[in-house]
Amino acid sequence: MNIVLCGFMGCGKTSVGKHLAKITGKTLIDTDELIEKEQGISISEIFSKYGEEFFRNLEFEMCKKVSKMDNVIISTGGGAMTFDRNVQALKENCNVIFLDVPFDIICKRIGNGDTRPLFKNKENAKKLYDERKNKYEKVADFTLNGDLSSKKVAKIIAEKFN
């Protein structure tokens with residue numbers, strides 16, 4: 001089974017994914033990176049030029065595509081697992097792991113939010129965090145404290161799902 005890492009921006013999906021790939025020998029796939037590569041522009045550019053709905057459709061197509069792959073770890077964008085169609089596509093062949101990190105720690109990790117458009121306004125980011133957290137918890141096969149070191153989190157996931 002594949003492994004999907006989900007959680008809010010700054011929760012450590014990419015860092016944990018890199019360690020987990022080393023431990024398990026699986027390939028790490030970042031859905032946002034693949035979308036950027038296919039489109040030839042950044043996610044923030046896609047949002048500003050074409051809008052969120054266009055991006056969410058690209059994201060859904062990517063979720064369907066990567067869910068059919070074998071022996072992969074999938075790092076999703078922060079919003080991906082808040083949409084039922086993405087969850088259904090990924091749960092067919094994947095265990096979903098929610099990296100749960102408190103909001104104050106995410107703030108420390110992200111800093112001023114220059115590269116994260118949704119994080120420019122901390123109050124709005126907190127609302128988004130609260131909304132998404134419940135959704136992540138509902139779709140997860142396993143929830144893990146993402147505040148541990150990324151190596152430790154990867155080791156726990158590997159022991160449970162490899």
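**Aromatic pairs and salt bridges: a chat**

Trainee: Hi! How far apart are D130 and K126 in helix α7?

Mentor: Four residues, so about one helical turn lies between D130 and K126. Keep in mind that this is a predicted model.

Trainee: Noted. What do the side chains of D130 and K126 do?

Mentor: They meet in a salt bridge, 2.7 Å from N to O. D130 is partly exposed at 35% relative accessibility, and K126 is partly exposed as well, at 33%.

Trainee: How many salt bridges are there?

Mentor: The count is seven. One of them joins K65 to E38, with the closest N and O atoms 2.5 Å apart.

Trainee: Which parts does that one tie together, and why does the link matter for the sequence?

Mentor: K65 sits in helix α4 (residues 52-67) and E38 in helix α2 (residues 31-39), so the pair ties together parts that are 27 residues apart in sequence. K65 is partly exposed at 43% relative accessibility, and E38 is partly exposed at 49%.

Trainee: And what does K133 in helix α7 pair with?

Mentor: K133 forms a salt bridge with D100, their closest N and O atoms being 3.5 Å apart. D100 belongs to strand β4 and K133 to helix α7 (residues 122-139), so this is a link between distant parts of the chain, 33 residues apart. There is also a salt-bridge network that links E52, R56 and E59.

Trainee: Switching to strands: how do β4 and β5 run?

Mentor: Parallel, with four bridges joining β4 (residues 94-100) to β5. F98 has T143 as its bridge partner in β5.

Trainee: Which β5 side chains are buried?

Mentor: F142 and L144, which point to one face, whereas T143 and N145 point to the other and are not buried.

Trainee: What about aromatics, how many pairs are there?

Mentor: Six aromatic pairs. F47 and F55 make a tilted one, with 5.1 Å between centres and 40 degrees between the planes. F47 is partly exposed at 28% relative accessible area, but F55 is buried at 2%.

Mentor: Then there is F142 with F161, an edge-to-face pair at 5.7 Å centre to centre and 65 degrees between the planes. F142 is in strand β5 (residues 142-145) and F161 in helix α8 (residues 150-161), so this pair ties together parts 19 residues apart in sequence.

Trainee: Are F142 and F161 buried or exposed?

Mentor: Both are buried.

Trainee: Last one: which residues does Y129 cluster with?

Mentor: Y129 forms one aromatic cluster with F8 and F103.

Note on methods: Residues numbered from 1 in each chain as written. Predicted model: local features only at pLDDT ≥ 70, side-chain atom pairs only at ≥ 80, totals over all residues. Heavy atoms only, no water. Phe/Tyr/Trp six-rings, centres within 6.5 Å; stacked < 30°, edge-to-face > 60°. Buried < 20%, exposed > 50% of the residue type's maximum accessible area, 1.4 Å probe, protein only. Helix = DSSP H or I, 4+ residues; strand = E, 2+ residues; numbered from the N terminus. Pairing = 2+ DSSP bridges. Salt bridge = Lys/Arg side-chain N within 4 Å of Asp/Glu carboxyl O.
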